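Open the structure in your viewer and keep the selection tool ready. This tour goes from stop to stop, saying what to select and what is there.

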Amino acid sequence: MAGSTTPYREGVIPGAFKWISALTLIVLLLPLAVVVLAGLNSGDHLTFPPEGLSFRWIIAFFQSESFLPAYVFSLIIAIITMLISLVLGTMISFFLTRSRFVGRTLIRAMVMSPLMLPGIVIGLALYLFYISSGIGFARTQAGLVVGHVLVTCPYVIGSVSAALVGFDKSLEEAARSLGAGRWTTFRKITLPVLSPALIAGAVFAFIVSFGQFDVSLFLTPPNSTPLPIALYTSLRYTFEPTAAAAGIFAIFLVVVSMIITAKITNLRRIASATYSRN
């Protein structure tokens with residue numbers, strides 16, 4: 001029938017693919033188990049398998065003058081980056097999705113390019129730009145946030161754009177026809193519909209920023225060290241189990257973020273809307 005859309009349906013996954021997926025998941029999770037067990041090691045050195053289980057290095061993490069401040073600093077930078085990327089990425093998504101102009105594809109490729117470029121290249125390029133331009137962002141918190149936003153914003157753009165593609169504009173038109181203004185329509189109609197994609201993009205931006213190493217390596221301020229840089233320095237020079245204990249809390253934060261995303265958002269619904277729209 002003309003104009004009809006085919007409903008989104010998940011295909012039947014063969015059993016072999018399920019076993020391969022399960023094996024791949026186990027391989028990916030094994031390093032996390034190694035980090036957790038190493039952080040709970042009762043010995044004096046970072047070894048695996050652990051000599052015994054103890055909370056000795058967990059307590060040392062809370063008493064550390066390097067890891068705990070680095071953890072808090074990374075958390076603050078990640079929150080700031082998440083908020084900026086959420087606002088900026090949403091604006092760009094609306095602009096690219098609802099505007100028709102020459103060069104739109106090129107602009108989309110440019111804003112999404114940080115996903116394809118190596119982090120080392122982005123960090124080095126930003127550092128050289130800060131130095132050569134003299135804007136005063138080299139080795140500052142502001143410059144570090146700019147670098148993190150550049151890397152994390154594409155995640156927000158991707159998730160929000162996917163939701164906008166399947167968005168039913170008749171909902172906004174109905175609200176406008178009933179007298180609602182642009183801001184009221186956006187706040188009461190558009191935002192609630194897009195909230196799963198907004199939350200997913202925000203959480204992805206937070207996780208990527210919190211664990212960002214490549215960009216932070218070039219842009220970290222001298223008096224404030226993010227957790228990935230602190231872990232790198234520790235494993236390079238001291239190799240103490242406190243680094244593994246810090247890794248446990250980093251893993252915990254990421255896992256909690258992903259659980260929250262899975263509970264609140266519905267990525268399957270976004271995929272279904274996008275498929276039916278196309």
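Select F129 first. In this predicted model, F129 is partly exposed, because its relative accessible area of 46% falls between the 20% and 50% limits. Now add Y130. Is Y130 buried or exposed? Y130 is buried, because its relative accessible area is 3%, under the 20% limit.

Show both side chains as sticks. The rings of F129 and Y130 make a tilted aromatic pair. Their centres are 6.1 Å apart, and the planes meet at 55°. The whole structure has 12 aromatic pairs.

Next, select F61, F62, Y71, F206, F210 and F249 together. These residues make up one aromatic cluster. Keep F210 highlighted, since F210 returns in the lining of the largest cavity.

**The whole chain**

Zoom out and colour by secondary structure. How many helices and strands does the chain have? There are 12 helices and zero strands. Follow the chain along its sequence and the pattern is α from start to finish: α-α-α-α-α-α-α-α-α-α-α-α. The C-alpha atoms fill a box of roughly 70 × 60 × 30 Å along the principal axes.

The chain has 278 residues, and 36% of them are buried. Now turn to the contacts between residues at least 6 apart in sequence. Of these, 72% join residues at least 24 apart.

**The largest cavity**

Go to Q212. Where is Q212 placed? Q212 sits in the loop between α8 (182-210) and α9 (214-219). Q212 is buried, because its relative accessible area is 10%, under the 20% limit. Set aside neighbours within four places in sequence, and Q212 is in contact with H148, V151 and P228.

Stay here. Q212, H148 and P228 are among the residues lining the largest cavity. The others to select are S74, I77, L144, S209, F210, S216 and P226. About 40 Å³ of space lies inside. The structure holds one cavity of 30 Å³ or more.

Which helices each supply at least two residues of this lining? They are α3 (67-98), α6 (141-165) and α8. By class, the lining of the largest cavity has five nonpolar and five polar residues, with no charged ones.

**The largest pocket**

Move on to P31, L32, V35, G247 and I251. Of the 18 residues that line the largest pocket, these lie nearest its centre. The pocket has a volume of about 400 Å³.

Colour α1 (15-39), α10 (227-237) and α11 (242-264). Each supplies at least two residues of the pocket lining. Which helix gives the most? That is α11, with seven residues. By class, the lining of the largest pocket has 16 nonpolar residues, two polar ones and no charged ones.

**Confidence**

Last, colour by pLDDT. The chain has a mean pLDDT of 83, and 90% of its residues reach 70 or more. Then select residues 270-278. Here pLDDT stays under 50. The model has 20 contacts beyond four places in sequence for this stretch. Where pLDDT is low, the predicted coordinates should not be read in detail.

Terms used: Residues are numbered from 1 along each chain as its sequence is written. This is a predicted model: local features need pLDDT of at least 70, side-chain atom pairs count only at pLDDT 80 or more; totals for chains, interfaces and linings use all residues. Side-chain values use heavy atoms; hydrogens and water are left out. On a 1 Å grid over the protein atoms alone, a cavity is a set of points where a 1.4 Å probe fits but cannot get out, and a pocket is an open set with protein on both sides within 12 Å along at least five of seven lines; lining residues have an atom within 4 Å of a point. Grid points are joined across faces, edges and corners, and a volume is the space filled by probe spheres set on the points. Helices (H or I, at least four residues) and strands (E, at least two) are DSSP runs, numbered from the N terminus. Ala, Val, Leu, Ile, Met, Phe, Trp, Tyr, Cys and Pro count as nonpolar, Asp, Glu, Lys and Arg as charged, and the others, Gly among them, as polar. Buried means under 20% relative accessible area, exposed over 50%, partly exposed in between (1.4 Å probe, protein chains only). Contact means heavy atoms within 4.5 Å. pLDDT is the predictor's confidence in each residue, from 0 to 100. Rings of Phe, Tyr and Trp (its six-membered ring) pair if their centres lie within 6.5 Å; planes under 30 degrees apart count as stacked, over 60 as edge-to-face and the rest as tilted.
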